[in-house]
Amino acid sequence: MWAQTLSGPFRFEQVEVEAPDPAALPPRHVLLATRAGAICGSDLPNFRGGVWPHPAAEDGWGATRAPGFPMHEIVGEIVASRHPDHSPGDLVVGWASMFDGIAELVVTDGDGLARYDTGLPATTAVMLQPLACVLYAVEQLGDVSGQTVGVIGQGPIGLLFSHVLKARGAARVTGVDPVDRGDVASAFGVDEMVTARAERWAGSLSDADRPSVVVEAVGHQVSTLQPALDAVAPGGQVFYFGVPDDPIYPFDMMTFLRKNLTLRSGITLERRRVLADAGTYLAAHAGLRDCYVSHVHAVADVQAAFSAAIMPRPGQLKIAVDMT
């Protein structure tokens with residue numbers, strides 16, 4: 001089978017590797033023929049040559065050059081299954097559990113996959129995986145009706161947070177990003193789009209303007225957690241969604257203490273359920289289908305797709321990869 005593999009920083013090459021043996025599938029796993037994938041911000045440190053926590057690494061950390069790495073947001077057709085709820089021929093969306101989704105065939109945990117509306121093109125259906133992650137995170141915040149919200153980072157994940165929080169009843173949503181996202185603010189429920197770095201936004205707020213909920217949707221550096229704590233109102237919540245590259249993040253404990261804050265984080269659990277929830281949500285907000293995936297690249301052009309993804313710019317949101 002074919003697979004794309006990182007041969008060095010910023011460089012992919014296509015290779016031929018032995019296809020997985022359907023008879024060797026672990027319990028509750030499936031063999032998937034990929035149809036599409038999408039680039040997540042958590043894939044990009046590896047493209048640059050950095051490291052990121054990865055389940056295939058012996059110690060849980062480190063970059064890998066395994067064929068198909070790094071991509072986990074996938075859509076495909078099940079070829080073989082040892083999962084009771086998946087059968088050959090099913091079209092599914094979800095996680096490549098070993099982050100090796102840039103390949104013709106992928107072995108993955110069936111608990112991280114769900115069927116979807118096959119009326120959606122595969123390169124649109126890829127959005128259901130990040131949407132599921134956001135829906136699960138917003139659940140952890142509880143009832144946000146009538147609350148003011150700030151979302152630091154208005155890339156593909158941050159914009160979904162803005163949309164879901166507004167749809168869940170937030171009174172006002174402020175999006176913060178150094179990239180100008182004014183062209184998509186209304187489509188994603190953003191009441192005020194601030195084109196600035198997080199620390200500048202946080203420093204500009206009066207006590208009356210502080211949101212009761214702040215979501216950090218950037219990750220991969222330590223600089224945006226403290227502005228989230230600075231910005232949020234006393235008694236408020238901060239959800240740290242961005243993936244950490246460092247095992248220890250410093251922040252001002254006195255601010256956290258004196259403001260009586262709650263800091264939340266966490267990975268997405270109940271994946272099949274929230275993927276189904278994402279399908280329901282997208283059906284109710286069909287306009288997202290036309291504006292979330294902004295660029296589609298052929299898999300042979302995956303290096304250009306990743307090169308674009310590391311350079312955020314106005315008009316560029318989710319980048320999908322067509323595997324067919």
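This passage looks at a parallel sheet, a helix packed on that sheet, and the surroundings of one alanine in a predicted model.

The sheet is open and built from six strands, which follow one another in the order β10-β9-β8-β11-β12-β13. Pairing within the sheet is parallel. At its edges lie β10, spanning 192-195, and β13, spanning 262-264, each of which pairs on one side only. On average, and with direction ignored, neighbouring strands of the sheet are turned by 15° against each other. Helix α4, made up of residues 156-167, packs on this sheet and touches β8, β9, β10 and β11 (213-216). The direction of α4 makes about 170° with that of β8.

A closer look at one pair of strands is helpful here. Five bridges join β8 (residues 148-152) to β9 (residues 172-177), and the two strands run in the parallel sense. Within this pairing, V151 has G175 of β9 as its bridge partner. As a general point, strands of a sheet pair through backbone hydrogen bonds, in either a parallel or an antiparallel manner.

Attention now turns to A231, a residue of helix α6, which covers residues 225-231. With a relative accessible area of 0%, A231 falls under the 20% limit and is therefore buried. Once neighbours within four places in sequence are set aside, the contacts of A231 are W201, A202, L205, R210, P211, V214 and K259. A further residue to consider is E199, which stands 32 residues from A231 along the chain. The C-alpha atoms of E199 and A231 are separated by 8.6 Å.

Definitions and conventions: Residues are numbered from 1 along each chain as its sequence is written. This is a predicted model: local features need pLDDT of at least 70, side-chain atom pairs count only at pLDDT 80 or more; totals for chains, interfaces and linings use all residues. Side-chain values use heavy atoms; hydrogens and water are left out. Helices (H or I, at least four residues) and strands (E, at least two) are DSSP runs, numbered from the N terminus. Buried means under 20% relative accessible area, exposed over 50%, partly exposed in between (1.4 Å probe, protein chains only). Contact means heavy atoms within 4.5 Å. Two strands pair if DSSP finds at least two bridges between them. Axes are lines fitted to C-alpha atoms, for helices over the stretch in contact, and angles run from 0 to 180 degrees between N-to-C directions.
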